[in-house]
Amino acid sequence: MASTPLPAGTQPRIGLTLGSGGARGLAHIPVLEALDDLGLRPVQIAGTSIGAILGAAYASGHSGQDIRQIVLDIFADRNTVLSKVWQLRPRRFGDMFRPGPVQFDPERVLEVFVSEYLPENFEDLQIPLRLLATDFFGVEEIDFEKGPLLPAVAASIAIPALFRPVKHGDRFLIDGGVVNPLPFEGMRSNCDIVIAVDVVGAPVPRPEKSDINMLDSLFGSAQILMQTITNQKLKMEQPDILVRPPHDTTRVLDFMKADRILDRAEHLRATTREQLAKLIKETMKVT
């Protein structure tokens, strides 16, 4: 349920961080809708991995409701999704026989699924956006804030093993969540209120299974590592509002469960809206 937008003159500068987490990252959407409910637009967005995709969409001018509908439309029909996945097959015969599992080209994935909803360059966005990737051999965070948008998003989502690293100059870039799954640092200098949405989650036992299979082990290990990074960061600095959906058994590629993920995260809309409205009132009293 939408609420009345805040009056003009009471609107602070909002910094919004959308973290990594695969399909769990669809829980970012109710938070975007909460901002829309209050008539607020961030002055700055930072995103990594799935947060890079949704952050780019929001920064380009789509509302939270628009993004919800786009996601539901993309994943409404399994056959349509499979048809698009078929378009991602290796184009060169030799690529089919590379050692190891088949890896998708992340930029090609974006072209097939979401490119029509995103502008060409950072400079075309309505809200300043910072996207994060990881320099594989340089072992460091790489930030993108200008230039072509799609390659930057592709680098930020390049989950190891699933996607091929993105070549950028002389660097090989992989998923930004590897080094910084919740990049809220640095926003304080330009923002009155910093909101961080942590959708990484943590391993949850599956009632129907008595052991841990390979996929759960890989995904769960990544969750543990990213949670460790985020928890260490939170000891040094805190966002004003930290949003975390409950842990569940959603896997990194469970996008066909989009409607279910959104339903489970729906309460985040009201929670974020209430926390933000309260914080703004308290801020106004102080000033």
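Helices (H or I, at least four residues) and strands (E, at least two) are taken here as DSSP runs, numbered from the N terminus. The structure is a predicted model, in which local features need pLDDT of at least 70 and side-chain atom pairs count only at pLDDT 80 or more, while totals for chains, interfaces and linings use all residues. Residues are numbered from 1 along each chain as its sequence is written, and side-chain values use heavy atoms, with hydrogens and water left out.

A good place to start is the loop between strand 3 and strand 4, where Val 139 lies. Val 139 has a positive phi of about 55 degrees, although this residue is not a glycine. Most residues other than glycine have a negative phi. With a relative accessible area of 66%, Val 139 is exposed; in this text, buried means under 20% relative accessible area, exposed means over 50%, and partly exposed covers what falls in between (1.4 Å probe, protein chains only). A positive phi, of about 80 degrees, is also found at Ala 161, again not a glycine. Ala 161 sits in the loop between helix 6 (149-156) and strand 5 (166-168).

The loop that follows strand 3 (129-135) and leads to strand 4 (140-144) also holds Phe 137. Together with Phe 136 and Phe 172, Phe 137 makes a nonpolar surface patch of about 340 Å². Patches are made of residues with over 30% relative accessible area and no salt bridge, with like charges joined within 9 Å and nonpolar side chains (Val, Leu, Ile, Met, Phe, Trp, Tyr) within 5 Å. The accessible areas come from the Shrake-Rupley method with a 1.4 Å probe, and for residues only the protein chains shown count as cover. Within the patch, Phe 137 counts as exposed at 63% relative accessibility, whereas Phe 136, at 48%, counts as partly exposed. Phe 172 is likewise partly exposed, at 33%.

These phenylalanines also meet ring to ring. A pair of aromatic rings is described by the distance of the centres and the angle of the planes. Rings of Phe, Tyr and Trp (its six-membered ring) pair if their centres lie within 6.5 Å; planes under 30 degrees apart count as stacked, over 60 as edge-to-face and the rest as tilted. The count by this rule comes to 4 aromatic pairs. In one of them, the ring centres of Phe 136 and Phe 137 are 5.1 Å apart and the planes stand at 85 degrees, so the pair is edge-to-face. Phe 137 and Phe 172, with centres 6.0 Å apart and planes at 80 degrees, are also edge-to-face. Because Phe 137 lies in the loop between strand 3 and strand 4 and Phe 172 in strand 6 (residues 171-175), this pair ties together parts that are 35 residues apart in sequence. Elsewhere, Phe 75, Phe 113 and Phe 255 form one aromatic cluster.

Aromatic rings also meet charged side chains. A charge sits over a ring if NZ of Lys or CZ of Arg is within 6 Å of the ring centre and within 35 degrees of the ring normal. The charged end of Arg 41 is placed over the ring of Tyr 58, 4.5 Å from its centre, and Lys 233 lies over the face of Phe 184, 4.6 Å from the ring centre.

Turning to charge pairs, a salt bridge is a side-chain nitrogen of Lys or Arg within 4 Å of a carboxyl oxygen of Asp or Glu. The count by this rule comes to 21 salt bridges. Arg 68 and Glu 33 meet in one of them (2.8 Å, N to O). Since Arg 68 lies in helix 3 (residues 64-74) and Glu 33 in helix 1 (residues 28-37), the pair ties together parts that are 35 residues apart in sequence. Both Arg 68 and Glu 33 are buried. Arg 130 forms a salt bridge with Glu 141, with the closest N and O atoms 3.7 Å apart. This pair links Arg 130 in strand 3 to Glu 141 in strand 4, 11 residues apart. Arg 130 is buried at 8% relative accessibility, while Glu 141 is partly exposed at 29%.

Finally, the unreviewed UniProt entry lists Ser 49 and Asp 175 for "active site". Although spread over 127 residues of sequence, they cluster in space, with a largest C-alpha distance of 6.0 Å. UniProt positions are given in the numbering used here, feature names are shortened, and annotations may be inferred rather than shown by experiment. Ser 49 is found in the loop between strand 2 (44-48) and helix 2 (50-59), and counts as buried at 5% relative accessibility.
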